[in-house]
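Here is a walk through one protein structure, taken a stop at a time. Keep the sequence and the model open beside you as you read.

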Amino acid sequence: MRSAVTVSLTVSAVLAGGLFAGQAHAAPPTPSITAPGGFVMNNGTGTTLFGKAADTRRSTGSTTKIMTARVVLSQRNLNLDAKVTIQKAYSDYIVSKNASSARLIVGDKVTVRQLLYGLMLPSGCDAAYALADKFGTGTTQAARVKSFIGKMNEEARRLGLRNTHFDSFDGISNGSNYSTPRDLTKLASTAMKNSTFRTVVGTKSTKQKVTTRTGGYRYMSWSNTNKLLSTYSGAIGVKTGSGPQAKYCLVFAATRGNKTVIGTVLGSSSETNRAADVKKLLDYGFAR
């Protein structure tokens with residue numbers, strides 16, 4: 001009789017253990033986000049983990065600058081220490097567009113590397129203009145800027161981003177600057193393979209020594225608009241975006257252990273909602 005009871009208890013324990021083990025490994029519930037568009041994938045495998053209107057074209061704001069940086073970093077024989085003289089046109093542009101700025105000063109000589117920090121941390125549209133002017137081709141600023149934007153679109157086509165088009169170097173659209181959560185995530189995933197890009201977008205703040213017009217120097221201090229770097233464990237990037245049409249956007253990435261989760265939210269109604277959505281998506285991505 002004792003033997004039968006023991007067998008019965010053992011079987012019950014095995015069944016219960018199997019049941020609880022199954023529950024422990026059950027997939028987490030799919031999150032609900034307030035943003036109209038979102039996408040998340042496992043960066044190592046490319047596996048889609050979440051999608052909401054993932055292929056719907058939307059205004060992207062300054063997340064456009066991911067492509068700006070990628071085009072610069074893909075230049076042959078790139079010299080990151082080459083100096084660029086800041087032109088009055090760059091500061092005039094900031095004023096005319098009421099755009100986000102790296103506070104570059106006319107006449108200063110700033111390296112390409114420093115311009116990338118100014119582009120991606122404070123989201124400087126003046127830094128974006130300087131880079132487009134430097135790496136576009138043509139005899140006038142207008143021609144060089146047009147050429148650079150052309151390179152952005154060529155790169156989008158090369159990467160297979162079928163629902164992406166750029167009409168600006170910084171995301172201040174003329175009506176046809178758009179992408180999708182899936183395309184932006186793929187773009188960021190590719191960009192993050194570049195060590196300079198990873199270093200820049202993972203930097204919370206930096207102080208850079210630049211040469212002045214008179215040959216002296218000054219320090220420029222920039223803080224990253226991506227607060228995720230300070231609020232989410234393992235966050236490594238990537239880029240914020242905002243604007244009247246774009247609302248609040250974020251292309252994000254985080255690494256825990258050997259797993260990197262990367263994704264995008266577009267069109268959030270507020271910074272608070274954007275942050276909440278991104279946390280949900282990252283938590284879900286790591287739980288999958």
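Let's start at a serine. Setting aside its neighbours within four places in sequence, Ser179 is in contact with Thr56, Arg57, Arg58, Thr60, Asn163, Thr164, Leu184 and Leu266. To find Ser179, look in the loop between helix H6 (141–158) and helix H7 (181–191). Is this serine buried or exposed? Ser179 counts as buried, because its relative accessibility is just 1%, and the cut-off for buried is under 20%. One of the contacts of Ser179 deserves a second look: its side chain and that of Thr164 are joined by a polar contact of 2.7 Å.

Before going on, let's step back. What you have on screen is a predicted model, so every value here is computed from that model. The protein has 288 residues, and 49% of them count as buried. It contains 10 helices and 9 strands. Taken along the principal axes, the box filled by the C-alpha atoms is roughly 100 × 40 × 35 Å. How much of the contact network links residues 24 or more positions apart? Among contacts with a separation of 6 or more, such pairs account for 61%.

Now for the empty spaces. Rolling a probe the size of a water molecule over the atoms shows where room is left. The largest pocket comes out at a volume of about 270 Å³. Its lining is made of 17 residues, and the ones nearest its centre are Gly171, Ile172, Ser242, Gly243 and Pro244. Sorted by class, that lining holds 10 polar, 5 nonpolar and 2 charged residues.

Next comes the second largest pocket, with a volume of about 150 Å³. Around it you can pick out Ser62, Ser100, Pro122, Ser123, Thr225, Lys239, Thr240, Gly241, Ser242, Tyr248, Glu271 and Arg274. Two elements give two or more residues each to this lining, namely strand S7 (235–243) and helix H10 (271–287). Which of them supplies the largest share? That is S7, with 4 residues. By class, the second largest pocket is lined by 7 polar, 3 charged and 2 nonpolar residues. Notice Ser242, by the way: this serine was named among the residues nearest the centre of the largest pocket, and it turns up again in the lining of the second largest one.

There is a closed space to visit too. The structure holds 1 cavity of 30 Å³ or more, and the volume of the largest cavity is about 30 Å³. The residues around this cavity are Ala69, Leu73, Leu116, Met120, Thr196, Phe197, Val200 and Val201. Helix H2 (65–73), helix H4 (112–120) and helix H8 (195–201) each give two or more residues to the lining, with the largest share, 4 residues, coming from H8. In terms of class, the cavity lining has 7 nonpolar residues, 1 polar residue and no charged ones.

Some of those cavity residues lead us to an asparagine. Leaving out residues up to four places away in sequence, Asn224 touches Met120, Leu121, Val200, Val201, Thr203, Lys204 and Leu229. Of these, Met120, Val200 and Val201 also line the cavity. You'll find Asn224 in the loop between strand S6 (217–223) and helix H9 (228–231). With a relative accessible area of 5%, Asn224 is buried. Along the chain Asn224 and Val201 are 23 residues apart, and 8.1 Å separates their C-alpha atoms.

Last stop: the aromatic rings. A pair of rings is described by the distance of the centres and the angle of the planes. Searching the whole structure turns up 5 aromatic pairs. How are the rings of Tyr93 and Tyr129 arranged? Their centres are 5.4 Å apart and their planes stand at 80°, so this pair is edge-to-face. Tyr93 sits in helix H3 (residues 88–97) and Tyr129 in helix H5 (residues 125–135), so the pair ties together parts that are 36 residues apart in sequence. Both tyrosines, Tyr93 and Tyr129, are buried. They also belong to one aromatic cluster, together with Tyr90 and Phe169.

Tyr217 and Tyr219 make another edge-to-face pair, because their ring centres are 5.8 Å apart and their planes lie at 85°. Here Tyr217 is exposed, at a relative accessible area of 52%, while Tyr219 is partly exposed, at 46%.

Note on methods:
Residues numbered from 1 in each chain as written. Predicted model: local features only at pLDDT ≥ 70, side-chain atom pairs only at ≥ 80, totals over all residues. Heavy atoms only, no water. Buried < 20%, exposed > 50% of the residue type's maximum accessible area, 1.4 Å probe, protein only. Polar contact = N/O pair within 3.5 Å; in protein donor to acceptor, adjacent residues only side chain to side chain. Contact = heavy atoms within 4.5 Å. 1 Å grid on protein atoms, 1.4 Å probe; cavity = no way out; pocket = protein on both sides within 12 Å on 5 of 7 lines; lining within 4 Å. Points joined across faces, edges and corners; volume = space filled by probe spheres on them. Nonpolar A, V, L, I, M, F, W, Y, C, P; charged D, E, K, R; others polar. Phe/Tyr/Trp six-rings, centres within 6.5 Å; stacked < 30°, edge-to-face > 60°.
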